[in-house]
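Biologist: Can you pull up the model and walk me through it? I have a few quick questions.

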Amino acid sequence: MFDGHYVEWRLKRVRALVENYGADWFRGRRVLELACGYGDIGASLWTLGADVTFLEGRAEHIDVLRKRMPMLPSNRTIVGNMEDGLKGVGLADSYDLIIHFGVLYHLQDWKTSLNDCLSMSRFLALETEVCDSDDPDFEFQRTETGYDQAVSGVGTRPSADRIEREIREGGMILSRVSDNRCNANIHVYDWPVMNTGEIAHGRRRMWFCGQDRVAP
Ligand SMILES: C[S@@+](CC[C@H](N)C(=O)[O-])C[C@H]1O[C@@H](n2cnc3c(N)ncnc32)[C@H](O)[C@@H]1O
């Protein structure tokens, strides 16, 4: 699990994170990785000195993470459903950076967790599959199953513009990654919108967001 197509894709996204914030910035920073799977992305930042908290909706994934990183205190590895909001699951009140990768489209109520993130972090790195539309009101839902899909069984594909509207209304500024730095096998970020309103597996967008700037 979290193997195959994940490997190159994850490496490229970690590299984009390190390029945006700078390797030295991570030392001592409080970082929250949401929907972490086995925690590989957060583990990379942990090696740079970040104080990483991992949250994941499936207990079996957190079990693997705890076996891989037994040195982590138990309050840094949290099982929690993002659909229930991020308050009250044992997280800190604030973080320097929240990593919200590969999960927004697996949420039925993506706005709740996104708005929690906007209020509890200085910086937010966000990445998700989106639908082919630039309508700032467009989104639709669909059922899904699988070890890395929606815990609730229902995900949402908003347009990138719909997500950007939510980020701006929540009080952060944003910078969209519109080049190919994270393109990896099926995952593509520099595709042109054709306004078909459809989804194609691997059509994604990524943003660096922040309270008053998008990088330190
Ligand atoms: C596509 S994988 C992405 C894994 C990793 N974040 C990445 O980007 O490489 C989606 C992850 O989100 C988790 N997930 C799905 N719905 C969730 C929810 N409601 N709350 C927390 N985690 C959820 C899945 O169990 C899975 O680990």
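**A buried glutamate and the ligand site**

Modeller: Start with Glu 129. Glu 129 is buried, because its relative accessible area is 1%, under the 20% cut-off. Keep in mind that this is a predicted model.

Biologist: Which strand is Glu 129 in?

Modeller: Strand S5, which covers residues 121-129.

Biologist: What does the side chain of Glu 129 contact?

Modeller: The side chain of Arg 157, through a polar contact of 3.2 Å. There is also a backbone partner. A polar atom of the Glu 129 side chain sits 2.9 Å from the backbone nitrogen of Gly 202.

Biologist: OK, switching to the ligand. Which pocket does the ligand take up?

Modeller: The largest pocket is the space that the ligand takes.

Biologist: Which residues come nearest to the ligand?

Modeller: Arg 13, Ala 35, Glu 56, Arg 58 and Asn 81, out of 25 residues around the ligand.

Biologist: And how does that shell split by class?

Modeller: Nonpolar residues number 12, polar ones 8 and charged ones 5.

Biologist: Where do backbone atoms meet nitrogen atoms of the ligand?

Modeller: At Met 82, a backbone N or O atom is 2.9 Å from a ligand nitrogen. For Gly 57, a polar backbone atom lies 3.1 Å from a nitrogen atom of the ligand. Val 151 has a backbone N or O atom 3.2 Å from a ligand nitrogen.

Biologist: How much of the ligand does the protein cover?

Modeller: On its own, the ligand has 600 Å² of accessible area, and the protein covers 99% of that.

Terms used
Residues are numbered from 1 along each chain as its sequence is written. This is a predicted model: local features need pLDDT of at least 70, side-chain atom pairs count only at pLDDT 80 or more; totals for chains, interfaces and linings use all residues. Side-chain values use heavy atoms; hydrogens and water are left out. A residue is near a molecule or strand if one of its heavy atoms lies within 4 Å of it. A polar contact is a pair of N or O atoms within 3.5 Å; within protein, one must be able to donate a hydrogen and the other to accept it, and residues adjacent in sequence count only if both atoms are side-chain atoms. Accessible areas come from the Shrake-Rupley method with a 1.4 Å probe; for residues, only the protein chains shown count as cover. On a 1 Å grid over the protein atoms alone, a cavity is a set of points where a 1.4 Å probe fits but cannot get out, and a pocket is an open set with protein on both sides within 12 Å along at least five of seven lines; lining residues have an atom within 4 Å of a point. A molecule sits in a cavity or pocket if more than half of its atoms lie within 2 Å of its grid points. Ala, Val, Leu, Ile, Met, Phe, Trp, Tyr, Cys and Pro count as nonpolar, Asp, Glu, Lys and Arg as charged, and the others, Gly among them, as polar. Helices (H or I, at least four residues) and strands (E, at least two) are DSSP runs, numbered from the N terminus. Buried means under 20% relative accessible area, exposed over 50%, partly exposed in between (1.4 Å probe, protein chains only).
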